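Trainee: Could we go through this model together? I would like to begin with how burial is defined.

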Amino acid sequence: MRTRVAVVVLLAALQGAAGCSSGESPARPRSASPSSPPPPSASPPSPPSTAAPRGSTDSVVMECDGMVAAERAPSANLEVVGGAVALPTSRTHERALQVSRTRLPDGSEGLFAKQGLMVRRGRHVELAVPERVADRFWLKWGRQGPTGMRVVNRCDAGNEWIAFVGGYLARKAGCLPVLVSVDGRAFREVLIGVGAPCPGQRPAPGL
């Protein structure tokens, strides 16, 4: 009897050893694969550039007490740009602006188109001459002399719109560009017929 028990124990031991040496590893639970990292969130769009255009470093901040009037609204032939500045652009002004002879900043003879500037009260407005015409086009409103850039900084008034006397100086008549920025937003270009019409406009009065 003891011999049979010993044989059974020996066979069991041999079978266990054979199972261990078969090279099969005991099954392991699969670990969950790490989830892929979420894609980086998109960067917010860069704010529009509000830096003064090159060629317009001669910036002038206009004095609010230099305004000559306050109106409820600009006339219908002025385009309201950015909701805050009214200009005689080629889109709304039927004719080019009439011009007269004047002296330019460099002392040479040129043209002056008298046209007031209207700005909505409480708004920050920048008007600039693009670099490509900086040597032949200037802006003049308020008390300071002509420059390539004018700034109206949140002037207050009794009515919604304020007005400044002045206009545009040019070496020659032409359809000339003006850059406009309101409350720090990107500059937008509009066209002004100074002595000569822009496309879609009629010639200046008297021509």
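Mentor: A residue is called buried under 20% relative accessible area, exposed over 50%, and partly exposed in between. Please keep in mind that this is a predicted model.

Trainee: Then how does cysteine 64 count at 29% relative accessibility?

Mentor: Cysteine 64 is partly exposed, because 29% falls between the limits of 20% and 50%.

Trainee: Which residue does a disulfide join to cysteine 64?

Mentor: Cysteine 64 is joined to cysteine 155, with an S to S distance of 2.0 Å. The torsion about the S-S bond is -80°, and this link is left-handed. Cysteine 64 sits in the loop between β1 (59-61) and β2, while cysteine 155 sits in the loop between β10 (149-153) and β11 (161-164), so the disulfide ties together parts that are 91 residues apart in sequence.

Trainee: And is cysteine 155 buried or exposed?

Mentor: Cysteine 155 has a relative accessibility of 2%, so it counts as buried.

Trainee: How many disulfides does the structure hold?

Mentor: There are two. The other to discuss joins cysteine 175 to cysteine 198, again with an S to S distance of 2.0 Å. Its torsion about the S-S bond is about 100°, so this disulfide is right-handed. Cysteine 175 belongs to strand β13 (residues 174-182) and cysteine 198 to the segment after β14 (188-194), so the parts tied together are 23 residues apart in sequence.

Trainee: What about the accessibility of cysteine 175 and of cysteine 198?

Mentor: Cysteine 175 is partly exposed, at a relative accessible area of 28%. Cysteine 198 is buried, at 3%.

Trainee: What is the pairing when the bonded cysteines are numbered in sequence order?

Mentor: The pairing is 1-2, 3-4.

Trainee: Changing topic to secondary structure: how many strands are there in the chain?

Mentor: The chain has 14 strands, along with one helix. One open sheet is built of five strands in the order β2-β11-β7-β4-β3, with antiparallel pairing.

Trainee: Which strands stand at the edges of that one?

Mentor: The edge strands are β2 (69-71) and β3 (79-81). Each has a single partner strand, so one side of each is left without a neighbour in the sheet. On average, neighbouring strands in this sheet are turned by 30° against each other, direction ignored.

Trainee: Inside it, how many bridges join β4 to β7?

Mentor: Two bridges link β4 (residues 85-87) with β7 (residues 117-120), and the two strands run antiparallel. As for residues, alanine 86 has methionine 118 in β7 as its bridge partner.

Trainee: And what is the order of the open sheet of four strands?

Mentor: That order is β5-β6-β12-β9, and the pairing is antiparallel. Its edge strands are β5 (100-103) and β9 (137-141), each pairing on one side only. The average turn between neighbouring strands of this sheet is 35°, direction ignored.

Trainee: How many bridges join β5 to β6 there?

Mentor: Four bridges connect β5 with the antiparallel strand β6 (residues 109-114). Serine 100 has phenylalanine 112 of β6 as its bridge partner.

Trainee: Now some individual residues. Where is leucine 127 placed?

Mentor: Leucine 127 is in strand β8 (residues 124-128). With a relative accessible area of 0%, leucine 127 is buried. Neighbours within four places in sequence aside, the residues in contact with leucine 127 include Val85, Leu87, Leu117, Leu139, Trp141 and Val178.

Trainee: How far apart in space are leucine 127 and leucine 139?

Mentor: Their C-alpha atoms are 8.3 Å apart, and the two residues are 12 apart in sequence.

Trainee: Next, threonine 89. Is it buried or exposed?

Mentor: Threonine 89 counts as buried, at 1% relative accessibility. Threonine 89 lies in the loop between β4 and β5.

Trainee: Which side chain makes a polar contact with its side chain?

Mentor: The side chain of glutamate 79 does, at 2.5 Å. Not counting residues up to four places away in sequence, threonine 89 touches Glu79, Val190, Leu191, Ile192 and Gln201.

Trainee: Lastly, the whole chain: what percentage of the residues count as buried?

Mentor: Of its 207 residues, 36% are buried. The chain exposes about 12,500 Å², of which carbon and sulfur atoms supply 54%. Among contacts between residues at least 6 apart in sequence, 71% join residues at least 24 apart.

Conventions:
Residues numbered from 1 in each chain as written. Predicted model: local features only at pLDDT ≥ 70, side-chain atom pairs only at ≥ 80, totals over all residues. Heavy atoms only, no water. Pairing = 2+ DSSP bridges. Axes fitted to C-alpha atoms, helices over the stretch in contact; angles between N-to-C directions. Buried < 20%, exposed > 50% of the residue type's maximum accessible area, 1.4 Å probe, protein only. Contact = heavy atoms within 4.5 Å. Polar contact = N/O pair within 3.5 Å; in protein donor to acceptor, adjacent residues only side chain to side chain. Disulfide = S-S within 2.5 Å. Areas by Shrake-Rupley, 256 points an atom, 1.4 Å probe, with all protein chains shown as cover.
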